[in-house]
Amino acid sequence: MGKSTQIHYTKSTVEVFYNHERIASHQRNPAMGIYITNKNHLSSTHKAYTEWSPSYFEKKAAKHGVHVVACIQGVISNSIYPEIAYKRAMGIIQLHRTYSSERLNNACKRAVEAGAFSYKRIQNILKNNLDKEGTVEQMQASNTPHIPTHENLHGASAYK
């Protein structure tokens, strides 16, 4: 770590050299987005990442509710490569630490209804307590106006 190395690669192999001595050799996968990982070359902190898969995140999300699962599935399916979505999925799942599983599930329900599968969207729903309000359909069904009544409200006739 922290040392300069030389990389030599061909269509099938990647080799790493330090002081003109080969210290690692890896097989290369020609398919775009498919990784070949030698687990022996990973640090102990990175070895845990090799367990990550869509089903791994679905199991983690299931502890917090069906809407969290649906949201995680949306995050992963909307990503070109699932590996890129894993950190986003982990971030969404970990929002339960700050806001609780129930609130996370409610926020994910709103996000799923809106088709907004992103960490930032769900975090904003939670920050602004939108998960505590009813869904858009519930608010429309109750015929409750979204603007509170007050003396400065004027109807269409005031603008003729």
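Two strands pair if DSSP finds at least two bridges between them; strands are DSSP runs of E with at least two residues, and helices are runs of H or I with at least four, each numbered from the N terminus. The model is predicted: local features need pLDDT of at least 70, side-chain atom pairs count only at pLDDT 80 or more, and totals for chains, interfaces and linings use all residues. Residues are numbered from 1 along each chain as its sequence is written, and side-chain values use heavy atoms, without hydrogens and water.

**Exercise 1.** Describe the sheet, starting from strand 1 and strand 2.

Solution.
1. Strand 1 and strand 2 (residues 13-18) are antiparallel and share four bridges.
2. Histidine 8 has glutamate 15 in strand 2 as its bridge partner.
3. The open sheet has three strands, in the order 1-2-3, with antiparallel pairing.
4. Strand 1 (6-9) and strand 3 (21-27) are the edges, each pairing on one side only.

**Exercise 2.** Locate histidine 64 and classify its exposure.

Solution.
1. Histidine 64 lies in the loop between helix 2 (54-62) and helix 3 (66-77).
2. Its relative accessibility is 12%, so histidine 64 is buried (buried: under 20% relative accessible area; exposed: over 50%; partly exposed: in between; 1.4 Å probe, protein chains only).
3. Beyond neighbours within four places in sequence, histidine 64 contacts Ile93, His96, Ser101, Leu104 and Asn105 (contact: heavy atoms within 4.5 Å).

**Exercise 3.** Compare the exposure of tyrosine 56 and phenylalanine 57.

Solution.
1. Tyrosine 56, at 24% relative accessibility, is partly exposed.
2. Phenylalanine 57, at 0%, is buried.
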